[in-house]
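Subject: Structure handover

Hello,

Here is the structure you asked to look at. Please open it next to this email and follow along.

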Amino acid sequence: MIDAEVPRPGSGHGYQPSRFVMPLILMLHGGGRQLEDLREIRGEQSLRELLEMREMPACCTAGDWLRRMGLHEKGLPGLGKVDKHLSWEVLKRDSRSEYTLDTDATIIEAEKAEAQWTYKKEKGYQPLLGFLFELGLIIGDEFREGNVPAGARTLEFLKYCQSMMPPGKSISYYR
């Protein structure tokens with residue numbers, strides 16, 4: 001689905017979008033905080049074989065791809081479609097109809113000149129994530145500058161997360 005929704009490389013020699021997305025997901029899930037952390041996954045031959053990730057772009061190539069996707073009109077919206085589809089599939093299989101939304105901002109350090117200072121006195125970004133407590137599933141995310149407080153625009157984020165829920169499922173509790 002990633003390869004269908006996210007723009008393909010401009011040449012026939014480039015990596016498919018899933019070759020960028022899957023290592024990034026693994027990196028973030030494993031606690032990675034910067035693109036250089038992709039090197040850890042690159043070095044894990046057994047894990048990559050198990051996940052059929054024989055080819056993997058270098059850190060700088062992944063960074064270039066992320067910048068292109070941020071500028072491409074179908075890049076990030078394409079990833080959003082994939083995210084929504086997968087979330088709906090998980091939620092449809094769950095017997096519950098009401099969920100608790102937990103929100104958490106996470107700091108990502110960055111050395112970019114545009115990065116803002118966080119409350120931890122580090123330059124970077126502070127995306128907000130919305131988790132369904134009962135499943136541990138991320139249902140919403142909002143990229144934010146480092147100086148944006150975690151509690152800013154809470155109602156708008158709650159509404160966004162609710163819009164990511166399939167019919168018959170709802171966020172009934174917020175914490």
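A short definition comes first: two strands pair if DSSP finds at least two bridges between them. One such bridge links Tyr99 to its partner Ile171 in strand 7. Keep in mind that this is a predicted model.

**The sheet**

Start with the strands. Four of them form an open sheet in the order 6-5-1-7, and the pairing is mixed. Strand 6 and strand 7 (170-174) are the edge strands, each pairing on one side only. On average, neighbouring strands in this sheet are turned by 35° against each other, direction ignored.

Now go through the pairs:

- Strand 5 and strand 6 are antiparallel, with five bridges. Here Phe131 stands opposite Ile138 in strand 6.
- Strand 1 and strand 5 also run antiparallel, joined by five bridges. Thr103 has Gly130 in strand 5 as its bridge partner.
- Strand 1 and strand 7 pair in the parallel sense, over four bridges.

**Helices on the sheet**

Which helices pack on the sheet, and which strands do they touch? Look at strand 5 and strand 6 again, which pair antiparallel. Helix 6 packs on the sheet and touches strand 1, strand 5 and strand 6. Its direction makes about 150° with that of strand 6. Helix 7 (residues 154-163) packs on the sheet too, touching strand 1, strand 5, strand 6 and strand 7. The direction of helix 7 makes about 135° with that of strand 6.

**A closer look at helix 6**

Helix 6 covers residues 75-93, which is 19 residues. How far apart should its ends be? At 1.5 Å a residue, the expected span is 27 Å. The end C-alpha atoms are 28 Å apart, so expectation and model agree.

Which residues of helix 6 are buried? They are Gly75, Gly78, Val82, Ser87 and Leu91. An α-helix has 3.6 residues a turn, so residues three or four places apart point the same way. The buried residues of helix 6 pack against helix 1 (2-5), helix 5 (59-71), strand 1 (98-105), strand 5 (128-132) and strand 6 (137-142).

**Two nonpolar cores**

In soluble globular proteins, nonpolar side chains tend to be buried together. The largest nonpolar core here has 15 residues. Leu38, Ile41 and Trp65 have the most contacts inside it. Helix 2 (17-29), helix 3 (38-43) and helix 5 each supply at least two residues of this core. Take Trp65 as an example. Not counting residues up to four places away in sequence, Trp65 touches Val6, Pro17, Phe20, Val21 and Leu24.

Another core lies apart from that one. This second core has 13 residues, among them Leu101, Leu132, Leu137 and Met164.

**Four residues to click on**

*Tyr174.* This residue is in strand 7. Is Tyr174 buried, exposed or partly exposed? It is partly exposed, because its relative accessible area is 37% and that class runs between 20% and 50%. Leaving aside neighbours within four places in sequence, Tyr174 is in contact with Leu101, Thr103, Thr154 and Leu158. With Thr103 there is a side-chain polar contact of 3.2 Å. Tyr174 and Phe133 are 41 residues apart in sequence, yet their C-alpha atoms are 9.7 Å apart in space.

*Asp102.* This one sits in strand 1. Its relative accessible area is 18%, so Asp102 is buried; the cut-off is under 20%. What does its side chain make a polar contact with? The partner is the side chain of Arg175, at 2.6 Å. Neighbours within four places aside, the contacts of Asp102 are Leu129, Gly130, Phe131, Phe133 and Arg175.

*Ser18.* Find Ser18 in helix 2. Ser18 is also classed as buried, with a relative accessible area of 19%. Beyond its neighbours within four places in sequence, Ser18 is in contact with Ile2, Asp3 and Pro23.

*Glu52.* Look in the loop between helix 4 (45-50) and helix 5. Is Glu52 buried or exposed? Glu52 is exposed, because its relative accessible area is 54% and the cut-off is over 50%. From Glu52 to Arg144 there are 92 residues in sequence and 33 Å in space, C-alpha to C-alpha.

Best wishes

Conventions:
Residues numbered from 1 in each chain as written. Predicted model: local features only at pLDDT ≥ 70, side-chain atom pairs only at ≥ 80, totals over all residues. Heavy atoms only, no water. Expected span 1.5 Å × (residues − 1). Buried < 20%, exposed > 50% of the residue type's maximum accessible area, 1.4 Å probe, protein only. Contact = heavy atoms within 4.5 Å. Axes fitted to C-alpha atoms, helices over the stretch in contact; angles between N-to-C directions. Core = buried A, V, L, I, M, F, W, Y, C linked by side-chain atoms within 4.5 Å. Polar contact = N/O pair within 3.5 Å; in protein donor to acceptor, adjacent residues only side chain to side chain.
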